[in-house]
Every structure is written in C-alpha cells, then in structure tokens.
Amino acid sequence: MNVFYGLYSAMLVGATPILLAAIGGAFTYYAGIFNIAMEGMMLVGAFCAVLGSFFLHSWMLGIVSAIAGALVMAGIFVLFAVRLHTDEFLTGIALNLFAVGLTTFLLRDIFHVKGAFTDPGIVAVPSITLPLLGKIPVLGRLVSGYNAIIYVALLVTIASAFVVFRTSFGLRLRAAGYNAACLNSSGVQTPGIRVWSLVLCAVCCGLAGAYLSLGSVRLFAENMSAGRGWISLAAVILVSGNPWGISIISLLFGFFDGLTVFLQGSAIPTQFTAMIPYVATLVSLYFYSVQKRKTS
Amino acid sequence: MRKQTLSGILGVLAALMIGGLVLALQGFNPFSTYGALLQYSLFSASGLSAMLSRAVPLVLTGLSASIAFGSGLNNLGQPGQLVIGALSATLVGLFVPLPPLVLIPMCIAASMAGGLLWSGLAAVLRRAFAMDEFIVTLMLNFIADYFTLWAITYPLFDPTALSPMTRPVSTHAWLSEVAGINASVLYMVAATVLCWLLMSKGVSGYEWRMMGQNRLFARIGGCRVDAHYVRVMLVTGALAGLAGGLMVMGGPHRFVKGLGANYAWDGVMIAVVANNSIPGTFFYGLLFSMLQQGAIGMELVTAVPSEFIDVLQAIIVLVVVAGRVSLNLVFDHIATRKKLRESLQ
Amino acid sequence: MDGALIDLQHISKVFPPATVALSDVSVAFRFGEIHALVGENGAGKTTLMKVLYGLERRDRGDILLRGEHVDFRNPREAIAAGIGMVHQEILLIPEYTVWQNIVLGAEPVRGLCTLDTRTARERVARKIEEFQFNLDPDAPVSGISVAARQKVEILKLLYRDVSVLILDEPTAVLAPQEIGQLFSELEHLRDRGHTILFISHRLDEVLGLSDQVTVMRKGKVVATSPASALTKEELARQMVGRSVVFAAERSPAEPGEPVFVAQGLTVMGADGRETLDHVSFEVRSGEIVGVAGVEGNGQFELVNAIMGLSPVTAGSLSVQGFDLTHADILARRRYISFVPQDRGKMGASLPASILENAIMTHHILDRSFRRWGGLGLNYMRASALTSQIQTQFDVSMENGAAPFESLSGGNQQKVILGRELLLEAPLVLMDQPTRGLDVGSTEYVHRLLIDLRNQKKAVLLVSADLDEVFTVADRIIVMSRGQLVADLRTDETSREEVGYYMLGGKDASHAQADA
C-alpha cells in the first residue's frame with residue numbers, strides 16, 4: 001500500500017510542472033502562436049521564485065516573483081515576435097538560451113555559487129491539509145497533504161477549460177488560432193489576443209517554475225527545468241491544446257517520472273530510468289502520428 | 001547578401017552595447033571588460049589557439065543546424081548526435097590498436113557514423129511513422145545524454161577517476177598540434193569548405209535549398225524530396241557527430257562527463273544568427289568561441305562572472321535576428337516612399 | 001460632392017517594396033446606392049476597399065464619412081462607424097457554428113465574461129428571420145454550402161448594424177441561380193436604406209444590379225458613371241483601356257496523333273468519395289483542349305493526378321504512349337511542361353534567385369547542367385538558360401541573381417513559362433496561367449498558347465475563366481462534380497451551352513434548347 005501511495009504522490013510531483021506549463025502552452029497554441037519558450041519561462045520562473053522567497057522571506061512573494069519573471073520573458077516574446085515580426089520559432093529558441101544564460105549568470109552574480117543554490121533562508125511553498133476530506137481514510141491520503149501549488153494547478157486546469165470553452169475571450173482566442181484574418185475582420189485585434197495568451201502562458205509557466213524550485217525541493221539548480229518545457233510542448237501538440245487531454249497526458253508523464261524516482265534503488269541504472277519520460281514522449285508521439293495518418 | 005552582412009554587423013554592435021549597458025548597471029566597466037575579453041582570445045597566442053579549438057564544435061554543430069534548417073528540416077538533435085559521435089570515436093580509440101595513420105581516420109569515420117546513426121533514427125521514425133523530427137530529435141537528445149552517461153559510469157568507467165569518464169583513448173588517436181593550432185581546427189575548416197561547396201556549388205545543395213524554401217516547388221520540379229530528407233538528416237547528424245569526435249581526439253582524449261553540455265544549443269543558435277548561410281555560420285562560430293574563450297580571461301581580470309557571456313550570446317541572437325527583419329522593413333519603407341513619389345509625378 | 005456618404009480623396013497606396021496599388025484615387029459613394037467597382041485583376045479595387053475598411057493603411061489621401069474626416073486603423077473602428085466588408089475568400093471559422101461565427105467579436109456576455117449562449121442564439125435567430133436568410137444558427141459552418149456561408153458573412157455584418165456593406169467579388173463562387181437570389185437580397189437591403197459597394201469584373205451582372213459604376217485600371221479611377229448610361233462594350237473599353245477584341249485570331253486547328261490519353265481516371269478524396277470520377281479524354285498534338293468548370297469540381301484533382309501529386313485509384317493516363325499512371329514526378333516531367341496556378345506555392349520559390357527558379361527540372365533532365373562528375377551544378381550553363389529565357393520570353397529583369405519575388409507578376413509568369421516550355425515536352429499543362437496577370441501579359445500567354453499549338457504541341461489548359469477558354473481552346477471539356485460532363489468543339493458550341501454543363505446539366509438536347 002505504501003508503494004502505491006509513494007508512486008501516487010511521485011506522479012503528482014512529476015505531473016504538476018508539466019501540467020502547468022502545458023496549460024500555459026495551450027493558451028498560446030489556441031491563439032495560433034508557435035510558442036516553444038515554455039522551457040525558458042519556467043526556468044526564469046524557478047529562479048525568480050528562489051530569489052523572491054530568499055530575499056523577501058515569503059513563499060507567496062516567491063511565487064509572485066516567479067510569475068513576474070516569466071512575464072518579463074513573455075514581454076520579450078511579445079516585443080520580438082508580435083511587435084517586430086521576428087520568427088516565433090527563432091524567438092523561442094533565443095529566449096530559451098537567454099533564460100539559461102541569464103539564470104546561470106545571476107546565480108553567480110547574486111548568490112555567488114555555481115551549479116545550484118540552496119539555503120535555509122529559502123521559504124518553501126507549504127503543503128496543505130484539507131480540513132474535512134483529509135480525515136477520511138484512504139481518500140484523505142489521496143487528496144490531502146500535498147503542496148499548495150498542486151491544488152493551484154488543479155484550479156488552473158479547470159479555469160483554463162472554462163476560459164477557453166465558455167467565455168467570449170475563449171471564443172476569440174480559438175478564432176485567433178483557426179483564422180487570424182477572420183478575427184481581425186470581425187473587429188478584434190488578433191495581436192491583442194495573442195499578447196493576452198502569452199501573458200496567461202507566462203503566469204502558468206511562472207507557477208510551474210515556482211513549483212520546481214519551491215515546491216518539490218527548495219533550491220535552484222542550473223537548467224533545472226531539464227526539458228520539461230519541451231515535454232509540455234509535446235503534450236500540447238498531442239492533444240491539440242485541450243486542457244483535459246493535457247491533464248491526462250501530464251499525469252501519464254508524472255507517472256513515468258515518479259517511476260524514475262521509484263526505480264532509483266533498484267538494479268536498473270538510474271541513467272536508464274531517467275530516460276523513461278523522454279521515451280514515453282516518443283511512444284505517445286508514435287501513437288499520435290499513426291492515429292493521425294489513419295484519419296487523414 | 002550585403003544587407004545580411006550589414007544587419008549582422010549592426011546587430012552584433014547593438015548587442016555589445018546592450019551588454020555594455022548591463023555591465024555598467026552592475027557597476028562594472030564595460031570597456032575594460034570587453035578589453036579583457038579580447039586580450040584573452042584574439043590577442044594572445046594561447047588564447048587564440050584555445051579559441052580556435054573551442055570553435056570546432058561550435059562551427060560543426062552550427063553547420064549541421066544551418067544545413068538542416070536551410071533544407072526545411074527541424075533537426076534540433078545536434079547535442080545528442082554530438083555525444084553519440086564522441087562516444088563512437090572514444091570506443092574506436094579505446095579498443096582498436098592500430099597506427100595513427102589508420103586509427104585517426106577510423107575514429108573520425110566512427111564519430112560521423114555515430115552521429116549519422118542517431119539522426120538516422122529520427123529520419124526513420126519520420127519516414128516510417130510520420131513522427132515529426134522536431135520533437136523526436138529533442139527527445140533523442142535527452143536519451144543520448146543519459147545513455148552516454150551510463151556508458152561512461154559503468155562499462156567504460158575509468159576506475160582511477162573520481163567522476164564519470166572513460167580511460168584515455170590510445171595516443172594513436174590523438175590529434176597533434178600544427179604550429180600551435182590543434183589539428184581538429186583543420187578538419188573543421190575542411191568540413192566548412194566542403195559544406196560550402198555542397199550547398200553553393202553542388203546539385204544537392206541547390207535542391208536542398210529549394211526544398212527548404214518551398215518544398216512543393218522542389219517536388220513538382222522533379223527533386224526527390226523524400227530521399228533528400230533522409231540524406232540531409234544523415235549529413236547533418238554526421239557533422240554533429242564529427243564535432244563530438246574531434247572534441248575527444250583533440251581535447252581531453254577521453255569522454256568526460258558533461259562533454260557536450262556546454263555546446264547543447266550553441267549550434268542551433270549560430271545557425272539562427274547566421275540565417276543558415278555557411279560562411280555566416282563559420283564567422284559566428286568563431287565570434288561565439290571568441291566570446292566564450294575570452295570569458296575565462298574576463299573573469300580572471302575583472303570581477304564579471306563568465307556566465308555573462310551566455311547572456312550576451314542570447315542578446316546577440318535576439319538583436320541580430322530581429323534586426324534583420326526590422327532592417328528589411330526600413331529598406332522597404334524607403335523604397336515605398338520613393339515609389340509613391342514617382343507614381344504621383 | 002453633394003450628398004456623398006463616403007468620400008475617398010486622393011488615396012495612394014504602395015505595397016512594399018515597390019508595387020503601386022493605388023495612385024491618387026478619388027471616388028464618392030452616395031447614401032442608399034448600389035455602387036459597383038469594376039476592373040481587372042490587380043486594378044486596385046480590393047485594396048481600395050481594404051483601405052476604407054481599415055485593413056490596409058493608405059500612404060496618402062483622406063477618407064470622409066458624412067463629411068467628417070475619419071481614419072480607421074482597424075476593422076473594429078470601421079464597424080463601429082457602420083462599415084462592414086465581406087471578403088472574396090470567405091473568412092469564417094469552419095469549426096464554429098453559424099451563430100458563433102456571427103457573434104464573434106461582438107459577443108453578448110454574462111458575469112465573468114461568460115458567453116451568453118442563449119442570448120446570442122436568440123439574437124442571431126431574430127436577425128435570420130428579419131432578413132429572411134433561411135439559415136440554421138446551430139449548423140457548423142464546415143457543413144453548409146458556399147452560398148450559405150456568404151449569407152453568414154453578410155448576416156455577421158448586419159448583426160453589427162452596419163449601414164454600408166462592401167462585397168468583394170461575391171458572385172465568383174456562386175452558381176447563376178444563387179447569384180439571382182443574392183442580387184434580390186442585396187436590392188432588398190438597399191431598399192431598407194443600406195449602401196452597398198460591390199466589387200466585380202463580370203460586366204453583365206454589374207450593369208444588371210448597380211446604380212453607379214466606378215471603373216478602375218492600374219490603380220487609378222477611369223470613370224464613375226450611372227449604370228443606365230453604360231453599355232457592356234463601353235464598360236469593357238474603360239476596363240482594358242482600348243477596344244477589346246472578343247475573338248482572338250487563330251487558324252483552324254489541325255490535330256494530329258493523340259499525345260495525352262486519360263482513361264477512366266479516378267481519384268479518391270480523404271473522405272472516401274471520388275473527387276475525380278472516371279474521367280476519360282485525349283489531347284492530340286496541335287490542339288488546345290480547355291478544361292472549363294466552376295472551381296472545385298475536380299479540376300484541381302485532375303491536375304494533381306496528371307502531375308503525380310495525388311495517387312490515381314483507378315484508370316490510367318499516358319503521354320505519347322508511355323504509361324504514367326503510377327510514375328513518379330520526375331518521370332512525368334520528361335513528358336509534361338507544367339505551369340501551375342499558384343506561382344508562390346508551386347511554380348517558384350519566391351526568396352530564391354531568378355536563376356535558381358529558371359533552372360528547376362532542367363538541372364535534372366539536361367546533363368549539361370552538371371559538372372564535377374554530376375555532383376556540381378554548372379552555373380555557366382544555368383546563367384545561359386536564364387539569359388535565353390530572358391530574351392526569348394521578353395522578361396524585363398536586371399540579372400539572374402536578383403530575388404524572384406522582386407519581379408512583377410507578369411515577369412514571374414514569363415520566367416515560369418520559359419522554364420517549362422524550354423523543357424520541350426510533348427504535353428503542355430497549364431493551370432490558370434493568366435490568373436492575376438494584367439491584360440498585356442494575358443494576351444502574351446494566349447498568343448504563346450496558340451503558337452505552341454501551331455508547333456504541334458498538345459496543350460491542356462485548365463481555366464475558370466470561360467472567356468479565356470473560348471479565346472484559345474479548340475476543344476472544351478466541362479467538369480462538374482468530378483466528372484467530365486461534356487466534350488465540345490469550340491466552334492460548335494456557345495458559352496450558354498458550356499454554362500449549362502458547368503452547372504451539372506447532362507441532357508444534351510436540353511442544352512441545345514437552352515442555347
């Protein structure tokens with residue numbers, strides 16, 4: 001039974017950052033932006049979270065700084081890709097590189113360390129015990145006692161589905177992706193919608209970053225997003241942005257990620273278990289492509 | 001072409017100015033910082049030699065990305081192809097007892113074959129199952145990373161070492177220095193010339209470029225685009241693999257942990273700023289290696305952390321790429337005004 | 001001008017880098033009239049309307065609405081001022097339903113910006129009823145006909161309470177009966193006080209529907225006159241700038257042996273339906289066969305099947321007796337010179353140089369384009385070919401290294417024609433070769449086609465322009481719903497008969513009676 005709970009919570013831990021980043025990516029996906037900058041936004045978010053939490057002694061302000069950091073990245077994306085019409089793909093690549101460079105540089109410059117920074121002064125995001133539900137046996141352990149950001153991620157997923165499918169903004173957002181010329185001609189400025197989608201994406205990626213550095217652990221390490229932004233991009237593409245689909249895919253990846261942690265003590269070398277999420281991405285891409293080929 | 005050079009030079013200068021501004025805001029003197037940067041790369045013999053060696057993986061992965069992007073392929077797998085190439089060369093260097101004259105070409109061939117195999121895997125997945133190479137090559141990077149790490153931690157581990165690395169390869173596989181410059185630089189220059197000939201003078205290069213610009217045009221014109229897809233994938237994988245092989249043979253002479261880590265995205269970045277031109281890739285490769293090599297000296301002399309260069313590189317990429325588009329808009333605007341005046345006369 | 005609702009004064013617009021789309025255009029539209037804008041492709045009609053609608057920025061000039069200066073920076077501001085535009089290519093979102101498309105950008109909302117679905121549907125339903133448009137608000141747009149989509153577009157504007165409707169070539173995609181219905185709806189709207197600006201190049205319908213007609217040519221206004229004062233010939237003269245010879249001079253065809261033979265050619269679409277349904281015909285040497293039909297009736301699939309872009313599911317095709325049914329594209333290129341309809345999509349690489357565009361296919365079929373044992377491209381030979389095309393096809397260009405996109409549309413087409421015709425293939429396949437070209441270039445292409453025929457080539461011309469087909473073709477085959485419904489000799493048929501077949505008529509006696 002403990003094995004099950006362990007795997008279950010490891011799955012949630014693994015799924016949360018991917019889920020949040022992918023929800024962010026879904027907004028830009030619907031808006032018709034080829035946004036590959038989630039990785040960079042997440043990394044900057046993770047760094048700013050530590051920065052805010054360490055200097056302002058508050059995990060809340062840590063999360064706020066994470067979102068602010070990711071928003072700055074989104075601002076650069078807007079400046080180059082939306083305003084100056086630079087290629088979105090190139091802007092994304094450059095932003096991801098910028099994020100790695102900037103965080104490594106600031107890690108040296110502000111904290112005077114190389115590789116990773118950890119300090120008792122970093123305030124982590126606490127776990128939440130649900131008042132009534134937490135008392136129920138079995139179910140209580142399944143739903144209560146997890147990191148606050150995990151619950152936020154759940155809310156974000158529900159809210160994103162609501163925004164995309166039930167609001168007037170969602171109608172316009174999806175229209176921007178389907179046919180930007182139509183939206184323009186309908187009297188809505190597509191660039192404006194795209195900017196908003198990037199803002200939402202940055203908020204989600206900032207949360208994802210904060211979870212990485214203040215949620216599961218309490219440190220910032222160079223390049224600690226470790227390709228999660230790319231996996232979340234794959235998740236977005238695989239389900240065409242649908243938030244419910246994204247949550248299923250994220251849980252799946254979370255499961256494999258959890259498996260990685262779980263198999264660490266076993267006879268299989270860690271290097272092979274660490275490959276699992278990436279292999280899982282390839283396998284799901286295989287099923288997606290074969291499926292797509294059949295229907296077309 | 002001239003526009004391209006102009007926007008490149010202007011972009012790099014603008015980026016250096018932004019970088020200088022960042023330095024000044026942090027309380028550093030930008031002039032002495034840039035001075036130190038140059039001093040330890042271009043203006044000293046050892047710096048220059050180290051800079052050229054450092055340029056080898058940058059230029060080669062850059063060529064790989066340039067040719068791939070220029071042909072319309074999203075091969076982002078240079079990091080993975082590089083480490084697999086390095087591992088292949090290491091394997092041959094470790095276990096094949098032959099004289100240098102045979103062993104060096106064998107190691108080089110092995111490194112290219114390794115990279116080619118890794119990119120070929122992505123090509124096969126695309127051709128057989130229509131899996132997009134964009135995500136596949138990215139995921140294969142991580143897999144290659146962990147795979148090589150495993151290889152140097154367990155089967156090939158050097159028991160005398162403290163961190164994961166292989167034993168040194170046979171000295172017969174070492175690349176010598178020619179007039180203070182590592183022979184790997186010569187291979188890099190040769191590869192650049194060959195790539196330039198291929199892309200600018202060859203039939204394949206012509207067809208690849210047309211395919212990159214307009215796949216349907218190339219296809220209806222009779223070019224065998226599916227076969228070309230596989231070929232470009234293999235060639236670009238081999239180039240990235242060669243980068244890995246030369247790094248092992250010219251540098252530490254063994255596969256050490258984190259060998260490819262510092263070069264992960266540099267090739268893609270260089271191709272992007274060079275707008276997929278072969279000479280451009282060569283020069284930006286040299287520029288970036290100059291920055292990276294100079295960074296070490298810069299950190300010694302001034303208090304600026306060497307990581308500043310990572311930021312500066314990203315600024316260069318953004319500013320040059322955005323500048324290229326903006327400059328075109330400016331040129332267009334001028335031409336538009338002129339035409340407007342003419343038409344109203 | 002007295003009583004002008006909209007007054008456009010001295011509008012100029014240059015597309016970067018150097019295409020003059022509008023040059024000092026002044027025109028006024030009066031309240032409650034149907035005003036037609038007439039002109040050839042590229043005359044600037046659409047650009048002028050886009051400038052008015054805020055989709056394109058003008059470089060010079062003023063726009064007055066009810067005597068006040070206005071400056072719409074985007075369609076939202078134009079819509080707010082009561083001006084709406086329906087584009088030539090229908091701009092709707094197929095994934096959305098009719099009501100979603102109509103309310104997009106002007107959605108009724110409840111708390112939390114929630115889309116008020118019920119109110120939206122009710123309002124749309126009320127509008128549909130008010131204007132008697134016979135639409136189902138809940139139908140997905142992907143499933144409704146082209147004519148219905150156009151109604152959705154018009155309703156989308158009426159939902160926003162616009163008083164001025166701009167319609168860009170609304171009849172291009174409609175069948176004649178549908179055109180009649182659209183016209184009565186437009187007249188109904190005018191009588192209710194709407195002003196309608198309507199772009200067209202079909203002279204008959206312009207004279208039938210509109211109150212005022214403005215003719216544009218090469219970015220300038222030629223004249224504005226009441227429709228009642230114009231004849232078709234006068235209108236045509238204004239459009240083209242000189243008297244139009246409706247019949248081209250050509251000698252009678254002397255067809256030889258069959259060069260191209262298609263037998264039972266069938267292509268299956270993605271949905272399992274036959275997009276090309278057992279098409280059989282032949283093209284002989286020394287004749288031009290025109291393929292006529294309303295667009296989207298299998299012409300595209302026919303061209304793709306001939307060129308090997310989509311697999312043939314049944315039947316066969318051959319050129320000079322060589323079976324090409326399942327041959328790869330390169331093998332076909334030895335027998336077929338091909339001028340595709342879309343220069344930027346299939347005909348050329350726009351960012352590449354002129355030379356690089358000029359040598360495509362030649363560099364494979366002609367060994368003299370190779371050097372270094374076949375690996376190198378012989379650039380000397382390549383520039384020789386480029387010069388040959390330049391002189392032989394009268395291309396005005398500076399040098400072969402310039403980007404292809406810097407050429408004008410007519411010169412781009414000449415380079416493509418030159419490249420394809422110098423392949424010296426026995427069959428020439430041209431898909432809409434004059435689309436978007438000015439009159440001079442169009443005439444050039446037509447003369448070239450007739451020359452080719454006189455040189456005993458077999459020419460297959462696919463064209464949506466009936467006038468073009470009648471001008472050059474010796475034989476006309478008509479396509480409807482993927483089938484070949486008629487095979488007629490040009491000198492024995494009429495536009496009316498071909499039109500009858502285009503609309504799906506099959507009964508030959510009926511066609512004759514109609515004609």
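How many of the eight residues of helix H11 in chain B are buried? Eight of the eight, so to speak the full set: H11(B) is mostly covered. Before I go on, please keep in mind that this is a predicted model.

Okay, let's stay with that helix for a minute. The buried residues of H11(B) are Asp266(B), Gly267(B), Val268(B), Met269(B), Ile270(B), Ala271(B), Val272(B) and Val273(B). What do they pack against? Inside chain B, the partners are helix H3 (45–70), H4, H10, helix H12 (278–301) and H13. There's also a partner in another chain, namely helix H4 (88–111) of chain A. And if you follow the backbone past the end of H11(B), you get to Asn275(B), which has a positive phi, near 55°.

That partner in chain A takes us to how chains A and B meet. Their contact draws 32 residues from chain B and 33 residues from chain A. On the chain B side, three helices each bring at least two residues: helix H6 (133–153), our friend H11 (266–273), and helix H13 (308–344). Which class of residue would you expect on that side of chain B? The count goes 27 nonpolar, three polar and two charged.

Now let's look at two pairs of helices within chain B. In the first pair, we have H4, residues 78–95, and H10, residues 225–250. Their axes come within 6 Å and cross at roughly 50°. H4(B) and H10(B) are therefore oblique to each other, and their crossing is right-handed. On the H4(B) side, the contact residues include Gly85(B), Ala86(B), Ser88(B) and Ala89(B). Over on H10(B), you'll find Gly237(B), Ala240(B), Gly241(B), Gly244(B) and Gly245(B) among them. By class, this contact has eleven nonpolar residues, nine polar and no charged.

The second pair is H7, residues 183–201, with H12(B). Here the axes are 9 Å apart, and the packing angle is about 155°. That makes H7(B) roughly antiparallel to H12(B), because anything over 145 degrees gets that label. From H7(B), the contact uses Thr192(B), Cys195(B), Trp196(B) and Met199(B). From H12(B), it uses Ile278(B), Pro279(B) and Phe282(B). If you sort the residues of this contact, you get six nonpolar, one polar and no charged.

Let's hop over to chain A, where there's another helix pair to look at. Helix H1, residues 2–30, and helix H11, residues 243–262, have axes that come within 6 Å. They cross at roughly 140°. Oblique or antiparallel? H1(A) and H11(A) are oblique to each other, and that's because the antiparallel label needs an angle over 145 degrees. The crossing of this pair is right-handed. The residues in the contact divide into 18 nonpolar, six polar and one charged.

While we're in chain A, have a look at Asn223(A). It isn't a glycine, yet its phi is positive, about 55°. Where does Asn223(A) sit? You'll find it in the loop between strand S4 (219–221) and helix H10 (228–238). It has 15 other C-beta atoms within 10 Å, which means it is partly exposed.

Chain A also touches chain C. That contact takes 19 residues from chain A and 20 residues from chain C. In chain A, helix H7 (168–178) and helix H8 (180–185) each supply at least two residues of that side. H7(A) gives the most, with six residues. The classes on this side of chain A are eight nonpolar, nine polar and two charged.

Last stop, chain C itself. It has 19 helices and 22 strands, and its C-alpha trace spans about 70 × 55 × 50 Å along the principal axes. How does its radius of gyration fit with a compact globule? For 515 residues, such a globule would have a value near 24 Å, and chain C has 25 Å, which agrees. Of those 515 residues, 46% are buried. And if you take contacts between residues at least 6 apart in sequence, 66% of them join residues at least 24 apart.

One more loop before I sit down. Glu424(C) lies between helix H15 (409–421) and strand S19 (427–431) of chain C. This residue, also not a glycine, has a positive phi of about 60°. Buried or exposed? Glu424(C) counts as exposed, because it has 10 C-beta neighbours inside 10 Å, and the cut-off for exposed is 12 or fewer.

Technical notes. Residues numbered from 1 in each chain as written. Chains lettered and ligands numbered in written order. Predicted model: local features only at pLDDT ≥ 70, side-chain atom pairs only at ≥ 80, totals over all residues. Axes fitted to C-alpha atoms, helices over the stretch in contact; angles between N-to-C directions. Helix = DSSP H or I, 4+ residues; strand = E, 2+ residues; numbered from the N terminus. Parallel < 35°, antiparallel > 145°, perpendicular 65-115°, else oblique. Left-handed = near helix turned anticlockwise from the far one by under 90°. Contact = placed C-beta atoms within 7 Å. Nonpolar A, V, L, I, M, F, W, Y, C, P; charged D, E, K, R; others polar. Rg over C-alpha atoms; globule rule 2.2 N^0.38 Å. Buried ≥ 20, exposed ≤ 12 C-beta atoms within 10 Å, placed from the backbone.
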